[in-house]
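Reader: Please choose one part of the chain shown here and look at it closely, residue by residue where that helps, and then set it in the context of the rest. I would like a single connected account, with the reasoning spelled out wherever a residue is called buried or exposed.

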Amino acid sequence: MSQLKPNIKIYERERIILQSIKNNPDLHHNGLIKLIVPQFMAKTTFENARNSLIEKKIIFVKKKGNMKFYIPTPNYKEKSQQRLEQNTNKAFHDIKLQIKNLDVSFPHKDIDEKILIGTMFLKILLQTDTGFTILDSIKNPKKTLYRDEHLMIQQLISQLFKIIKNDVDYELIFPTIVSYHQVNVTQYDS
């Protein structure tokens, strides 16, 4: 089973809370708890899922007197797309800088650090490329708007592998990084 496979329970719990908020817009915090706990989840689970929705800015808290109400974020679709674009661009620029400095620092790390760094950088590069692919799909599915970014990520992956290939521990590092990636790619049974 892939470690990247989404935890369906988390999404189900967030959906239950969001749906309850949308169906009962005048329900305050304690009323929402009575509606959801214990029928759908425990109180701590409710609080964690609610906090996750707030953190993702899917809902926000509005206080009236001493009561808290949860309200779906207006224009969430547009705001989430903006956030995805900002986060993807930030990750893209950050990883470019980090890989630029990797040439000098990588050979001085111990083998476990090298494996960790290589795996982490590959994961970030692939996630960033996925972010640009999602943005391309949302903005204009018939055109690649982030062609330069996709190409740069491909070049950064190549640069990462060159750094690894030139390392004295290459024969131990490379198979571990590649096997990590293969484990985390969805496997389809034929």
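Author: Two residues are in contact here when heavy atoms of theirs lie within 4.5 Å. With that meaning, among the contacts of the protein chain that join residues at least 6 apart in sequence, 59% link residues at least 24 apart. The model is a predicted one, and everything below should be read as a description of that prediction.

The part I have chosen is helix α2 with its surroundings, and a short view of the whole helps to place it. The protein chain holds seven helices and two strands, and starting from the N terminus the order of these elements is α-α-α-β-β-α-α-α-α. The radius of gyration is 22 Å, well over the 16 Å that the globule rule gives for 190 residues, so the protein chain is more spread out than a compact globule. Its C-alpha trace spans about 65 × 40 × 35 Å along the principal axes, and 29% of its 190 residues count as buried. The exposed area of the protein chain comes to about 13000 Å², of which carbon and sulfur atoms supply 54%.

Helix α2 takes in residues 29-36, with H29 among them. The buried residues of α2 are H29, G31, L32, I33 and I36, and they pack against α1, α3 (43-55) and β2. H29 deserves a closer look: its relative accessibility is 15%, and because buried means under 20%, H29 falls into the buried class. Once neighbours within four places in sequence are set aside, the contacts of H29 are with F46, R50, K68 and Y70.

Past this helix, the peptide bond leading from V37 to P38 is cis, with an omega near -5°, and P38 itself sits in the loop that runs between α2 and α3.

The elements that cover α2 can be examined through a residue of their own. In α1, which covers residues 8-23, E14 is a useful example. E14 is buried, because its relative accessibility of 6% is under the 20% cut-off. Apart from residues up to four places away in sequence, E14 touches A49, S52, L53 and K56.

For strand β2 (residues 67-72), P72 can serve in the same way. P72 has a relative accessible area of 28% and is therefore partly exposed, since that class lies between the 20% and 50% limits. Leaving out residues up to four places away in sequence, P72 is in touch with I21, K22, I58, I59 and F60. L53, one of the residues that E14 touches, is 19 residues from P72 along the chain, and the C-alpha atoms of P72 and L53 are separated by 9.4 Å.

Two loop residues in this part call for a note on backbone geometry. K57, in the loop between α3 and β1 (59-64), has a positive phi of about 60° although it is not a glycine, and its relative accessible area of 45% makes K57 partly exposed. N75, in the loop between β2 and α4, likewise is not a glycine and has a positive phi of about 55°. With a relative accessible area of 52%, N75 counts as exposed, because the limit for that class is over 50%.

Beyond that loop comes the context you asked for. Helix α4 (residues 76-105) is made up of 30 residues, and the distance from its first C-alpha to its last is 41 Å, close to the 44 Å expected at 1.5 Å a residue. T88, F92, I95, I99 and L102 are buried in α4, and the cover over the buried residues of this helix includes α5 (111-139) and α6 (147-165).

Within α6 lies I157, which is buried, as its relative accessibility is 17%. Not counting residues up to four places away in sequence, I157 touches L122, L125 and L126. Between I157 and Q81 there are 26 Å from C-alpha to C-alpha, for a separation of 76 residues in sequence.

Charge completes the account. The protein chain carries 29 positive and 20 negative side chains, and the centres of these two sets lie 11 Å apart.

Terms used: Residues numbered from 1 in each chain as written. Predicted model: local features only at pLDDT ≥ 70, side-chain atom pairs only at ≥ 80, totals over all residues. Heavy atoms only, no water. Helix = DSSP H or I, 4+ residues; strand = E, 2+ residues; numbered from the N terminus. Rg over C-alpha atoms; globule rule 2.2 N^0.38 Å. Buried < 20%, exposed > 50% of the residue type's maximum accessible area, 1.4 Å probe, protein only. Areas by Shrake-Rupley, 256 points an atom, 1.4 Å probe, with all protein chains shown as cover. Lys, Arg positive; Asp, Glu negative; His and termini not counted. Charge placed at Lys NZ, Arg CZ, Asp CG, Glu CD. Expected span 1.5 Å × (residues − 1).
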